[in-house]
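Me: I've got a model open and I keep tripping over the labels people put on it. Can we go through a few of them and check what each one rests on?

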Protein chains: 4
Amino acid sequence: MLSFVNDYSAGAHPKIMERLMATNLEKTVGYGEDQYCEAAKEKIRLACECQDAQIYFLQGGTQTNQVAIDTMLDPTEGVICAATGHINVHEAGAIEFTGHKVLALPTDNGILKASQVREFCKGFYADESHDHEVFPGLVYITHATELGGVYQKHELEELRAVCDEYNMSLYLDGARLACGLMCGASDVTLSDIARLTDAFYIGGTKCGALYGEALVFTKNNMPKRFVTRVKQHGAMSAKGRLLGIQFDTLFTDGLYFEIGRHAMEMAGKVKKLFADKGYKFFIESPTNQIYIIVDKQKKEELSEKVVFSFWENIDDDHTAIRFVTDWATTERDIEELEKLL
Amino acid sequence: MLSFVNDYSAGAHPKIMERLMATNLEKTVGYGEDQYCEAAKEKIRLACECQDAQIYFLQGGTQTNQVAIDTMLDPTEGVICAATGHINVHEAGAIEFTGHKVLALPTDNGILKASQVREFCKGFYADESHDHEVFPGLVYITHATELGGVYQKHELEELRAVCDEYNMSLYLDGARLACGLMCGASDVTLSDIARLTDAFYIGGTKCGALYGEALVFTKNNMPKRFVTRVKQHGAMSAKGRLLGIQFDTLFTDGLYFEIGRHAMEMAGKVKKLFADKGYKFFIESPTNQIYIIVDKQKKEELSEKVVFSFWENIDDDHTAIRFVTDWATTERDIEELEKLL
Amino acid sequence: MLSFVNDYSAGAHPKIMERLMATNLEKTVGYGEDQYCEAAKEKIRLACECQDAQIYFLQGGTQTNQVAIDTMLDPTEGVICAATGHINVHEAGAIEFTGHKVLALPTDNGILKASQVREFCKGFYADESHDHEVFPGLVYITHATELGGVYQKHELEELRAVCDEYNMSLYLDGARLACGLMCGASDVTLSDIARLTDAFYIGGTKCGALYGEALVFTKNNMPKRFVTRVKQHGAMSAKGRLLGIQFDTLFTDGLYFEIGRHAMEMAGKVKKLFADKGYKFFIESPTNQIYIIVDKQKKEELSEKVVFSFWENIDDDHTAIRFVTDWATTERDIEELEKLL
Amino acid sequence: MLSFVNDYSAGAHPKIMERLMATNLEKTVGYGEDQYCEAAKEKIRLACECQDAQIYFLQGGTQTNQVAIDTMLDPTEGVICAATGHINVHEAGAIEFTGHKVLALPTDNGILKASQVREFCKGFYADESHDHEVFPGLVYITHATELGGVYQKHELEELRAVCDEYNMSLYLDGARLACGLMCGASDVTLSDIARLTDAFYIGGTKCGALYGEALVFTKNNMPKRFVTRVKQHGAMSAKGRLLGIQFDTLFTDGLYFEIGRHAMEMAGKVKKLFADKGYKFFIESPTNQIYIIVDKQKKEELSEKVVFSFWENIDDDHTAIRFVTDWATTERDIEELEKLL
C-alpha cells in the first residue's frame with residue numbers, strides 16, 4: 001500500500017545496501033575502531049568544516065539523546081527544552097531514567113527562543129535557594145523540530161550566546177537534520193551547527209541508513225571515558241564498522257544532502273497536490289512533514305488507500321493528519337497519491 | 001589478513017544479506033510490530049517448542065542483558081552470577097548502572113553450580129538482618145560460557161530447582177548459544193533451555209547476524225509494560241523489522257544451527273592443527289573458543305600472519321592465546337593456518 | 001533577633017525534649033522496631049481512624065517524598081503535580097534522581113484540580129503511541145500548599161475519583177499538615193486524608209519535632225520490602241526510637257493539633273497587625289504562611305529588626321515577603337513585631 | 001534488661017542532651033549554615049590538624065557512605081573494598097542504587113592490604129579491553145572494621161601510595177572511629193587519617209550522638225555543588241544546627257575521645273570477665289566489639305538475662321556471639337554481667 005507514514009519505514013538507501021554487500025566478508029576490528037568508521041568520521045569532519053570534531057556512532061535517536069545528554073551533564077544538572085521536544089514527550093522518560101530533570105518551556109512550533117532560555121536562567125540564579133534546585137546545564141533543540149519548525153542562523157547564534165552566558169552546553173538533535181538543512185526555509189548550514197553547538201547528531205535512521213546516528217562533539221569535548229559510558233548504557237555496537245560503512249556512504253558524493261533534497265522535492269509535490277485540491281494545512285511546515293486538515297469522511301477514504309499518521313483532532317468534524325516523504329518516496333508514489341485525491 | 005580473533009568480525013551470513021536486499025524497499029510499520037518480526041517469533045517458538053514464549057528483538061548483548069535483568073528484578077534484588085560472567089566483568093557496570101548489585105560467585109570455567117547458589121541463598125536467608133542486604137532475585141548463566149564451558153541438562157535442572165526454592169528467575173545469556181548447542185559436549189537442547197529458564201537470549205551478533213539478539217521470555221512472563229521500559233533504556237529499534245528479517249532467516253531451514261555446526265567443525269580442525277603440532281591447551285574448551293599455550297616467540301611469529309586474541313600471561317615465557325571460529329571461517333582459512341603452523 | 005523566617009528554625013517543642021530526656025538512657029532495639037515506634041504508630045492509627053495504616057518514620061521531607069514516590073511508582077511511571085509543587089521545584093531533582101519524571105501542571109496557588117488531572121490522563125491514553133511516553137502513576141498534592149493553599153474535602157474526593165479512574169495512587173505531602181488541618185479554611189480532617197489518599201506524610205520537622213516525618217500507607221499497601229528500600233535510599237535511622245518518641249509525644253493529648261492551632265492563632269495576629277497598618281497581601285493565604293507586599297524602604301527597615309523571607313519582586317518599588325509562625329512563636333514576638341510596624 | 005547488643009541502643013551522651021536543651025528555643029538559619037555548625041567544623045579542623053578540611057554533617061552511616069562515594073566517583077568508576085565491608089554487605093545495595101559497582105576483595109578481618117589493591121589495579125590496566133570494565137576510582141576502608149580490625153599507620157600510608165599511583169581516592173568509614181583511635185592497638189591518629197585520606201567520616205551515631213556523622217573532605221576537595229547533591233539524595237537536614245550542636249559538644253574538651261576511651265575501658269573489663277571464666281574468643285578484636293565462643297546451652301542461659309548479638313554458628317554445639325560496649329556502658333553493667341557469668 002502507498003505509504004507516507006514516516007521517514008523510517010523502508011530499509012536503507014540502495015547505495016548503502018550495495019556498500020554493505022561489497023564489504024560483507026571482510027573481517028575488521030570491532031567496536032567502531034575500524035577503518036570505515038575512521039573514514040566516515042573524516043568525511044563528516046570535512047562536511048562540518050570542523051577538524052576538532054570527535055564523532056561516535058550510535059544506533060538510534062533516543063539512545064543518542066540519552067547518552068549525549070547524560071554524559072554532558074553534571075549530576076546536579078537538567079536539560080532545558082521545548083515542551084514538545086522529543087526527549088520530553090516521546091522517549092518514555094529516558095532522560096529521567098539517567099537521573100536528570102527535563103526543564104520544559106512552552107513554544108509555538110518547537111522552536112526554543114534564546115530570550116525565554118535567558119529568562120529562565122536569570123530567574124534560576126536570582127533565586128537565593130537555587131542550590132536546592134536543578135541547575136540548567138544544557139539546552140536541547142531539534143532541527144527540524146517535531147512540528148516541522150526550523151531554526152535560523154541568528155537564532156542559533158543567540159542560543160549560543162545565552163549558553164555561554166550561563167555556562168550551558170548547546171545540543172542539537174538532528175534526527176531530521178537533512179531535511180532541516182535542505183528545506184530552503186533556513187539559512188543554517190552544517191558547519192554553522194558544528195560551530196554553534198557543543199554537540200549534535202546527524203540522523204541516519206530517518207535519512208536512508210538501516211539504523212545509526214553520528215554523534216558529533218564539536219569542540220574536542222567528548223566526555224571523559226566516553227567509550228566506557230556508551231558501554232554502560234548498553235549502546236555499544238560490536239560490529240561497529242556497519243555504522244562506519246553507512247555514514248561513509250552517506251557522506252560520499254553528498255548523498256546525505258541529496259537524500260534531504262529529494263525528500264524535500266517530494267514534499268513540495270505532496271503539498272502542492274493537497275493545496276491544489278483546496279486542503280488547508282494545520283501547521284505551515286517547511287520540511288518533509290506535512291500536516292493537513294481533513295474532514296472525517298475524507299480521512300476514512302484516504303486511509304483505505306494510503307498509510308499516514310493521525311496527528312490531532314481539531315473539532316468534531318476535522319482532523320489533522322501527517323504525511324512524510326523520504327529518500328524512498330518516488331514520483332510514482334506522488335502520481336498514485338494524485339489519483340487518490 | 002587471516003583472522004580468528006572473534007565471532008563478530010565479518011558482516012552477516014550471505015542468506016541474511018540476501019533477505020535484507022530482497023525486502024529493502026518494502027515499507028512496514030516500525031518498532032518491531034511488522035510481519036517479519038511476527039514470523040521470526042513464530043519460528044523461534046517452534047524451534048524452542050515453547051508456544052508461550054514472548055519474544056523481543058534487541059540490538060546487542062550488553063543491551064539485552066541490561067534490559068532483561070533490570071526488568072526482571074525488583075529494585076531490592078541483585079543478580080547471582082559466576083565471577084567471570086560477562087555482566088560482572090565486561091559490561092562496564094551496565095547492571096549497576098540500573099541500580100542492581102551483581103552477586104558474583106567463584107567458579108572453575110564459568111559454570112555456576114546449583115549447590116553454590118543454594119549455599120549462598122541459604123546463608124542469606126539465615127542472616128537475621130537480611131532485609132539490610134541485597135536480595136538474590138535472579139541467576140545469570142551463559143551457555144557457552146566466556147571460558148568455553150557448557151552446561152549439562154541435569155545442571156540446568158538443578159539450577160531451576162534452586163531458583164524455584166528461593167523464588168528467583170533463571171536467565172541464560174546465549175551470546176554463543178549456537179556453538180553451545182552444537183558443540184557435542186552438552187546434552188542441552190534449545191527446548192530444554194526454554195523449558196528450564198524464565199528467560200534467555202538467542203545471540204545473533206556472534207552467529208551470523210549484522211546485529212541483534214532475540215530475548216525470549218519463556219513462561220508468558222514478559223515484564224509489565226516491557227515496550228516502555230525498552231524505550232526508556234534507549235534500546236528500541238525504529239526499523240525493527242530488520243531484526244525480524246534477520247531472525248526469520250536464521251530460523252528458516254535451521255540456518256542458526258547450521259552456523260553453529262559449521263563453526264564447531266572449523267573449531268575442530270583448528271584444534272587438531274594445534275594438537276598435531278604438539279601445542280597444549282590452556283583450557284579444554286569444547287566450543288568455538290580455543291585457548292592455546294604458545295611461547296613468546298611463536299606468539300610474535302603468528303601475530304604477523306594471523307589475528308587472534310591475547311588471553312593471559314602464564315609465565316615469563318608462555319602465553320595463552322585465543323582462536324575463535326564462526327560462520328565466516330572457511331576451509332581455506334584452515335589451510336592457510338596449517339601453512340603458518 | 002525576632003524571627004518569622006520559617007517553621008523550622010527553633011529546636012523541638014518542650015514536651016518532646018522532655019520526653020527525649022526522660023528516655024535517654026534506656027536501651028532499645030534499633031531501626032524503629034522498638035516500643036516507642038509501636039506506640040506512636042498506634043496513636044497515629046487512632047488519630048487517622050485508620051486501623052489498616054502502615055507507618056514508617058523518616059527523617060525529612062525531601063527524603064520522605066523521594067522514598068514514598070519511588071517505592072509507589074512502577075519504573076515506567078511518573079508523578080503528576082502542581083508546577084509549584086515542592087518535588088518539582090525545591091528538591092534538587094530528587095525524584096528524577098530515582099528515575100521518575102515529574103509531570104507538572106499549572107495551577108493558581110498550588111491546588112491541583114481533578115479536572116486538569118483527568119484531562120491530562122485522557123490525553124495520554126488517547127495518544128496511540130503512549131507506550132513511548134511516561135505513564136502517569138501517582139498524583140502528588142501538598143496540604144497546605146507551598147503557596148498557602150488548602151484543599152476542600154470535595155476536591156480530595158474528586159482527586160480520589162480520577163486516581164481510581166486511571167489507576168493512579170494519591171499521595172499527600174503533609175510537611176505543613178497541622179496548619180492545613182487547623183487553619184479553619186478547609187473542611188478536611190486527618191481521617192479524610194487517610195480515607196482518600198493511598199499514602200501521606202505527617203510533617204514533624206515543621207511542627208515541633210527536632211526532625212522526622214511519619215509516612216502513612218493507608219490501605220495496607222506498604223510497598224514490597226519497604227525496609228530494604230528505605231535502607232537502599234540511605235534513609236534508615238539506627239536509633240529509630242527517637243522518631244517514635246517524638247511522634248508518640250506529638251500524638252499524645254492532641255499536641256500535634258494544638259501546635260497547628262497555636263501557629264494559626266499567631267498567624268492571625270500577624271495578619272491583623274499588617275492589615276491594620278494598611279499593608280496588602282500578595283497571596284490571600286489562610287495558613288501560617290503570610291505573604292505581605294512592602295515597599296523597598298520598608299523591607300530594608302524591617303530586615304534590620306526581624307528575620308523573614310524574600311518571596312518575589314513585584315515591581316521596581318514593591319516586594320512580596322513571607323512571614324511564618326509556628327509552635328515557637330510567642331505573644332511577646334507579636335508584641336515586638338507590633339512595635340516594629 | 002542488661003544490654004551489650006550494640007553501640008547505638010541508648011539515646012545521646014548527657015552532655016549532648018544538655019546542650020540541645022540549652023539551645024532549644026534559639027532560632028537559627030537552616031540547612032547547616034548556622035553558627036553551631038561553623039563552630040563544630042572549626043573544632044573538627046583543629047582536632048584533625050587539617051585547616052583545609054571541608055565538613056558536612058549527615059544523618060547516618062549508610063547515607064554518608066552513599067553520598068560520599070557517589071559524589072567522589074566518576075560515573076565510570078566503582079569502589080574497591082573488603083568483601084566484608086559495610087557497603088558491600090549491609091547497606092542493601094545503596095552504592096549500586098547510585099549506579100556504582102562495588103569491587104570486593106577478600107580479606108582476613110576486614111583489613112584491606114595495599115598489595116592486593118595494587119594487584120587488582122595492575123591487572124585492570126593491563127587488560128587491553130579495560131575500557132569495557134568498571135574503573136577502580138576509590139578505595140573504601142573502615143576503622144575499626146566490621147570485624148574489629150584496626151589499621152596501622154604504615155598500612156594507611158601504603159594504601160595512600162597505591163591510590164596516588166592509580167589515581168584513586170581513599171575514603172575511610174569512621175562509624176566506629178572513636179574506638180579505632182582509642183583502642184590502643186593502632187598507632188593511627190585522627191590527624192594521620194586527615195592527612196592520608198581524601199575523605200572520611202567521624203561517626204556520631206555509634207559514639208554518643210542522637211544521630212549524625214561528620215563527613216570530612218580533607219584536601220579542599222568537596223565535590224562540585226555538594227549541597228545540591230546532598231539535597232538530591234534526600235540527605236539534607238532542615239534543622240541542620242542540631243548536627244552542629246552535637247558535634248560541637250563531641251569536640252569540646254575531647255568528649256569524642258573520652259567516649260572512645262570509656263567504651264574501650266569497659267570492653268577490656270568485659271573481655272577479662274570472659275577470659276577469666278575460660279571462654280575463648282572467635283576473633284581477637286582489639287576494639288569495643290567482643291566476639292565470644294559459647295556453647296548452645298550457655299547462649300540460651302545468657303540470653304535470658306542480657307541482650308547481645310548472634311554472630312555466627314561455629315559447629316553443632318558452639319556459636320560465636322558479640323558483645324559491644326559504648327559510652328552508656330556502666331561499671332554496674334559490668335558487675336551485673338560478672339554475676340551472670
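Reply: Sure. Buried area is the accessible area that two parts lose on being put together, summed over both. In this predicted model, chain B and chain A bury about 4,000 Å² between them, with 58% of it on carbon and sulfur atoms.

Me: How many residues does each chain bring to that contact?

Reply: Chain B gives 45 residues and chain A gives 45 residues. Across the interface of chain B and chain A, the rule finds 26 residue pairs in polar contact, both at pLDDT 80 or more, and 0 salt bridges.

Me: Which helices of chain B supply at least two residues each to the side that touches chain A?

Reply: Those are H1 (14-22), H3 (61-72), H5 (94-97), H10 (226-232) and H11 (241-250). The largest share of that side, 4 residues, comes from H3(B).

Me: Why is Gln59(B) called buried?

Reply: Its relative accessibility is 5%, and buried means under 20%, so Gln59(B) counts as buried. Gln59(B) lies in the loop between strand E2 (54-58) and H3 of chain B. Leaving aside neighbours within four places in sequence, its contacts include Gln59(A), Tyr211(B) and Ser237(B).

Me: What makes the Gln59(B) and Ser237(B) pair a polar contact?

Reply: Their side chains come to 3.3 Å, and the cut-off is 3.5 Å.

Me: Now the rings. Why is the pair Phe251(B) and Phe257(B) called edge-to-face?

Reply: The count comes to 70 aromatic pairs over all chains. For Phe251(B) and Phe257(B), the centres are 6.1 Å apart and the planes stand at 90°. Pairing needs centres within 6.5 Å, and over 60 degrees counts as edge-to-face, so the label fits this pair.

Me: And what makes Phe251(D) and Tyr256(D) stacked?

Reply: That pair has 5.1 Å centre to centre and 20° between the planes; stacked takes planes under 30 degrees apart. Phe251(D) and Tyr256(D) are both buried.

Me: Back in chain B, are Phe251(B) and Phe257(B) buried or partly exposed?

Reply: Phe251(B) has a relative accessible area of 10%, so it is buried. Phe257(B), with 24%, is partly exposed, because partly exposed starts where buried, under 20%, stops.

Me: How do you know that the charged end of Arg225(C) sits over the ring of Phe135(B)?

Reply: The charged end is 3.9 Å from the ring centre, and the distance limit is 6 Å. Likewise, the charged end of Arg225(D) sits over the ring of Phe135(A), 3.8 Å from its centre.

Terms used: Residues numbered from 1 in each chain as written. Chains lettered and ligands numbered in written order. Heavy atoms only, no water. Phe/Tyr/Trp six-rings, centres within 6.5 Å; stacked < 30°, edge-to-face > 60°. Buried < 20%, exposed > 50% of the residue type's maximum accessible area, 1.4 Å probe, protein only. Lys NZ or Arg CZ within 6 Å of the ring centre and 35° of its normal. Contact = heavy atoms within 4.5 Å. Buried area = accessible area lost by both parts, 1.4 Å probe. Salt bridge = Lys/Arg side-chain N within 4 Å of Asp/Glu carboxyl O. Polar contact = N/O pair within 3.5 Å; in protein donor to acceptor, adjacent residues only side chain to side chain.
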